[in-house]
Amino acid sequence: MTRETTLSLLVLTLISLCSLLDAEVISLDDSNHDQILKNNEIVFVNFYAEWCRFSQQLKPIFAEASEKFAGAKGKVVWASVDSDKQSGISARYHVNKYPTLKLFRNGELVKKEYRSQRSVAALTEYVQKQVDSAVQVYADEAGLKAQLDSKKRHVIAGFADPSGPEFDNFKKAAGILREECVFHQGPALPGQPARSIKFVAQNSQVQEPFPQDLANFEQIKSWLTERCVPLVREITFENAEELTEEGLPFLILFKHPDDKDSEKIFTEAVVREITDQKKSINCLVADGKRFAHPLHHLGKAEKDLPVIAIDSFRHMYLFEGMGALGQSGKLRQFVLDLHSGKLHREFHHGPDAATVQVQVDPNGAPETQPPPSVFEKLKPSYNRYSLVNKDEL
């Protein structure tokens, strides 16, 4: 081997080693966890267990995908947590199945866990999307109108000069809430202050300016979260596990997929009656044809739609019916009765037990319990890999 060949091989080896170092998947532990999350814009973390064969399969895929971002030091970090050795970190983020992939932005956990395909291409595409700006830029009012979709929620920032701490706060909030709202930035519109943020609801029914301090990031994030995350959401087989992870009981309207009127009436009742209960119950709309199994547990079928019920993750309870939504305080009391335990007590002892349907077994004997929870089965498993397309129901 000639001297030139030896030198060439040495250079190639050094380049390869530098590339691997740049693309290193960093192991997180108590000594570096906080520092890495806070000092990088995006940290994509693989929570794994050595004994888990799915974790072993993902490791080389995760490492190869990280190589695509070798030049993004300080902006993107690919990291891993050995959940057995670092059980405290895993417990902090409620990780109980492996491998679990979570993304942090500016030190904050992004609400939606990564649940898509575990391939090099899919992981790369997902992180690249997080790197790309969450903000659409418009040049004038006509350009903004062309970007607006009446079916989505929008946030419009009037910053002719996209710089400074106030604009940085807007960008950070946009990164965190990019899955919930569409964010826009451009010159202030007529009648809008020079540096301002405005929320625009679906169908432009509500346009609300941010009334607080643009220099306060927590105020911006909190205000936008309340508006971008809808009070009533749709539950599907794809997002059911994610919703159960929030740990709140479900108040569900089961409806025919073509029925828009009942959804509107239900949403208006939720907004009117239980806005302050957002942190204690998830208000959802479900396709009654696809979710036929929960209806069956309630003694209902497609012909009975629409149906309103609470699933407490222990039992299911029927609401009186759509007509009762028009009675002031009725829906609110239904939710409060769940939290007080009254729904469960009255199922057995009255005085309103007769209004709740009792299931009957094939031998004609009434059950002594309300219908069991169906959605409890969709809670994250403690011992299996999380699937994207779930159809257990």
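Start with helices H3 and H5: H3 passes H5 in a right-handed crossing. The model is a predicted one.

**Stop 1: H3 and H5**

Select residues 53-66 for helix H3 and residues 120-131 for helix H5. Their axes lie 9 Å apart and make an angle of about 45°. Angles under 35 degrees count as roughly parallel and 65 to 115 as roughly perpendicular; H3 and H5 are therefore oblique to each other.

Now show the side chains at the contact. From H3, pick Leu 58, Ile 61, Phe 62, Glu 64 and Ala 65. From H5, add Val 120, Leu 123 and Thr 124. Coloured by residue class, this H3 and H5 contact divides into 6 nonpolar residues, 1 polar and 1 charged.

**Stop 2: H7 and H8**

Move on to helix H7, residues 165-176, and helix H8, residues 217-228. Here the packing angle is about 40°, and the axes of H7 and H8 are 9 Å apart. The crossing of this pair, H7 and H8, is right-handed.

On the H7 side, select Asn 169, Lys 172, Ala 173 and Ile 176. On the H8 side, the contact is made by Phe 217, Ile 220, Lys 221 and Leu 224. By class, the residues joining H7 to H8 are 5 nonpolar, 1 polar and 2 charged.

**Stop 3: Val 285**

Leave the helices and centre the view on Val 285, which sits in strand S13, residues 282-287. Is Val 285 buried or exposed? Val 285 has a relative accessible area of 5%; the cut-off for buried is under 20%, so Val 285 is buried.

Next, display what surrounds Val 285. Setting aside neighbours within four places in sequence, Val 285 is in contact with Val 232, Arg 233, Glu 234 and Ile 235. The list for Val 285 also includes Leu 253, Lys 255, Glu 263 and Phe 266. To check one pair, draw a distance between the C-alpha atoms of Val 285 and Ile 235: the two are 6.1 Å apart in space and 50 residues apart in sequence.

**Stop 4: the whole chain**

Zoom out and select everything. The chain holds 13 helices and 15 strands. Of its 393 residues, 46% count as buried. Among contacts in the chain with a separation of 6 or more, 73% come from residues 24 or more positions apart.

Finally, turn on the surface. The accessible surface of the chain comes to about 20,300 Å², and carbon and sulfur atoms account for 52% of that area.

Definitions and conventions:
Residues are numbered from 1 along each chain as its sequence is written. This is a predicted model: local features need pLDDT of at least 70, side-chain atom pairs count only at pLDDT 80 or more; totals for chains, interfaces and linings use all residues. Side-chain values use heavy atoms; hydrogens and water are left out. Axes are lines fitted to C-alpha atoms, for helices over the stretch in contact, and angles run from 0 to 180 degrees between N-to-C directions. Helices (H or I, at least four residues) and strands (E, at least two) are DSSP runs, numbered from the N terminus. A crossing is left-handed if the near helix is turned anticlockwise from the far one by less than a right angle, and right-handed if clockwise. Contact means heavy atoms within 4.5 Å. Ala, Val, Leu, Ile, Met, Phe, Trp, Tyr, Cys and Pro count as nonpolar, Asp, Glu, Lys and Arg as charged, and the others, Gly among them, as polar. Angles under 35 degrees count as roughly parallel, over 145 as roughly antiparallel, 65 to 115 as roughly perpendicular and the rest as oblique. Buried means under 20% relative accessible area, exposed over 50%, partly exposed in between (1.4 Å probe, protein chains only). Accessible areas come from the Shrake-Rupley method with a 1.4 Å probe; for residues, only the protein chains shown count as cover.
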